[in-house]
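Biologist: Let us look at this model together. I will ask, and you reason aloud.

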Amino acid sequence: MCYFHVKTLRNIIEEDMDILIVDDEPFMQRSLSFVLKKEGFEVEVASNGEEAIQKARKFRPKIIFLDVMMPKMNGFEVCKTIKSDKELCNSYVIILTCKGQEVDKEKGLSQGANDFITKPYSPKEIVTKVRSVLCGP
Amino acid sequence: MDHKRKKIYLYLALIGLIPLIFFTGGPESPFRFLYYATLVLLISVFDSKAIFQASFTFCILYGLMPFVKTGKYPLYTVAINVFSFLLMAIASGYLADLLRKEGDSYEKATDIFHGLTNNLNLKIMNLQSEIDSISESYERLQKVDKKRIHFISGISHELRAPLSSIRSFSEILINYEDIDTVTKKEFLYIINSESERLTQLTDEILDAVRMESGKIQWHMDSVDLADVIRTAFRSMIPITKNKGLLMEIDVPGRIHPVRGDKNKLLQVMLNLISNAVKFTPQGRITIGAEEMSDQIKVFVSDTGEGIYPEEKGKIFEDFYRIGDDLLGRPKGSGLGLSIAKKIIDAHGGSISVDSQLGKGSTFSFTLPRSEVISSPDREAKAVMRFSGRQILVLEDYVPMRQFLRVTLETLGYRTMSAESVKQVLETAGIRKPGAILIGYPKSEEHVNELRILSRIKEIPIFLGIIINDEKSGPQLAVNGYISKPFDKYQILSTLGDVYKGRTGKILIISPDSEEARNLQVFIGTNIYETAIVADVHAMNMTRSLPDAIIIGTFHAEDMYGIIGYLRNNPVSRNIPVLLILNISLRDIKCIGLASSGYGSGLGKVFTELEGDIYSVANL
């Protein structure tokens, strides 16, 4: 799968800033990556936990969007693996939870997640969040 | 007062003893003294008038003879002797009588006390079982609640996914104007297909909910499964072709019809086939049917990925979806298979899966062959009278269950039967019957789960002990029920309802002596005379015909035997019979008792019943 490096933003923020989107729903991947790319970020996608960890090691993303409900390895397990990895633990992990499942937040926090976004979310919300993380408040 | 009298008699006896000792020679003439003393003792102990009279005569004839004959003693001594003896005898007689009376009343008090203790024990036991059953019901309700919550969270999760897509893509289209036409079209296509998915999901959820609550309408008819399979085959061809899959059909030329809802069975087929299509990346899908000894087997097999053994049990649950990371999770509600299972269960069949990982799966279901092609006349009658409603019959005792079903079906009802409460719960959960009819109930726990079911699903429960009268066919067997725990008032008032006489003989038939004794204590008043037997064959009816009969708690078979014997015997045929039930009648309606008793026939009783069922159903 190909991915795009958007050079323009490198001029604004001096560091690499890849975003990794982990979601098993192809439409969710598509919409999120489309918006973030449109806003000029570098985006990579993964469809399951194992792929997510592989790609995280390879691209060292600044931000990782993690869906909770995934087959075999769920978002929490991925989060735990990332946060316990010395090289990856600096990534900012945002967990995508479902509304009404507030338990997920506690569980996510205990696994070291940095933030949460509740589904269904608006693309604007995501963009704002990414901006605030990458550029500082 | 009695105490005072007793004292007086005691003094009299003592006073009498003094001349006796004096004039019989006392200890110096031990023989005569002993003779008198023994007599007095005998009288006081046995207090028999006969002994008193005999000893009196004896004493006159022999005891006094020597005095008179010898003339040794003056007449007044003799008179005093006789007088003192008499005094003694009378006093001890009264004393003995008094003692006996007191003993009697003591015994009576013990009896009553025993009765009360027994009753109290019974009540405590019943209370205990009530508490147990309530906590059991609570647990069961909690489980139902948990299931419901699981279902609702499942629904919300399933709905959220397509909603998220629709929201995201529509926002993208609104917010970004510089999107090329191809991408725009792609997004619109996604929005469109996701809203379609949402529609399908809502339909399936509605189906599942309807089935769960038993509110679905079933149109049962004779169905040719080969026809259903062919229809499913035809409608799935475009989808399989699209994916490049081969589909084959393997149906024998003629198969026996089954009883079922054609559209629902078609839905099962479509669910199974589309499931197979989803999980088969390449290869073929074979669908077909097989005739078995008393059922028809239908199968859908594929050359797909197969199922993990640990997933086999779960795939028929609501919202369970087989995860696959390589292909991504196929879209679906996760309800398809659970709906299929519910439909097949409601048809009295079973569904299962056989699978080998990597090689493919075979889903198959069996349906019972419809043996009897019911006469259209009866069919129409049943539909007319109950508009598709059914009566679920629960009776452990097999011959009685059969008899009840046959009886109800001759009356024009449709029946389902269940051996156990568990089975009732399963059956009624899927296909809601119009009413549940229970025969002779085993125990309180036995019916408690039914009560919960009845409350949740608004299915009325009726109880009826019905027997086959040799003369006039099926009849209500008894005139009244007494439910445990019973008390004196309940028994007397029920007895008063069925037996109007002011006095009379009540026969208690019970295998349990304690129960019989309790009943006797409660009804053994000065109005009623009671007798207890353990077995109906043990008594001679013609010699002492009872005015009413109470039957205690027996095993179902024995109970039906006893009532059958009583009702088919011309002598006892019309004696009112009360039956003790091992359960409380809370939430349970006894059929026909208010308006009728034995001999009124079932037709009339059930016509009244229908009214009740309708009024409950229309609440």
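Modeller: One term before we start: a residue is called buried if its relative accessible area is under 20%. Note also that this is a predicted model.

Biologist: Which residues of α7 in chain B are buried?
Modeller: The cut-off is under 20% relative accessible area. An α-helix has 3.6 residues a turn, so residues three or four places apart point the same way. The residues of α7(B) that pass are B:Leu225, B:Ala226, B:Val228, B:Ile229, B:Ala232, B:Phe233, B:Met236 and B:Thr240.

Biologist: Which strands does helix α7 of chain B touch?
Modeller: Start with the sheet. It is open and mixed, with five strands of chain B in the order β2-β4-β5-β7-β6. Helix α7 (residues 225-243) packs on this sheet, and its direction makes about 170 degrees with that of β2(B). The strands of chain B that it touches are β2, β4, β5 and β7.

Biologist: How far apart are the end C-alpha atoms of α7(B)?
Modeller: Take 1.5 Å a residue. The 19 residues of α7(B) should then span 27 Å. The model agrees with that, because the end C-alpha atoms are apart by 26 Å.

Biologist: Where in α7(B) does the kink lie?
Modeller: Look shortly before the proline B:Pro238. The helix has a kink of about 45 degrees there. The residue is B:Met236.

Biologist: Which residue caps the N-terminal end of α7(B)?
Modeller: Look for a side-chain oxygen by the backbone nitrogen of B:Ala226. The two atoms lie 3.3 Å apart. The capping residue is B:Asp224.

Biologist: What is the bridge partner of B:Gln295 in β7(B)?
Modeller: Strands β5 (residues 295-302) and β7 (residues 360-368) of chain B pair in the antiparallel sense, over seven bridges. For B:Gln295, the partner in β7(B) is B:Pro368.

Biologist: Now the other sheet. Which strands stand at the edges of the sheet β14-β18-β17-β15-β16 in chain B?
Modeller: This open sheet has five strands, and the pairing is parallel. An edge strand here has a single partner, so one side of it is left without a neighbour in the sheet. The edge strands of chain B are β14 (480-483) and β16 (528-533).

Biologist: What angle does the direction of helix α14 of chain B make with that of β14(B)?
Modeller: Helix α14 (residues 488-498) packs on that sheet. It touches β14, β15, β16, β17 and β18 of chain B. The angle with β14(B) is about 175 degrees.

Methods
Residues are numbered from 1 along each chain as its sequence is written. Chains are lettered from A and ligands numbered from 1 in the order in which they are written. This is a predicted model: local features need pLDDT of at least 70, side-chain atom pairs count only at pLDDT 80 or more; totals for chains, interfaces and linings use all residues. Side-chain values use heavy atoms; hydrogens and water are left out. Two strands pair if DSSP finds at least two bridges between them. Helices (H or I, at least four residues) and strands (E, at least two) are DSSP runs, numbered from the N terminus. Contact means heavy atoms within 4.5 Å. Axes are lines fitted to C-alpha atoms, for helices over the stretch in contact, and angles run from 0 to 180 degrees between N-to-C directions. The expected span of a helix is 1.5 Å times one less than its number of residues. The bend at a residue is the angle between axes fitted to the seven residues ending there and the seven starting there. Buried means under 20% relative accessible area, exposed over 50%, partly exposed in between (1.4 Å probe, protein chains only). A polar contact is a pair of N or O atoms within 3.5 Å; within protein, one must be able to donate a hydrogen and the other to accept it, and residues adjacent in sequence count only if both atoms are side-chain atoms.
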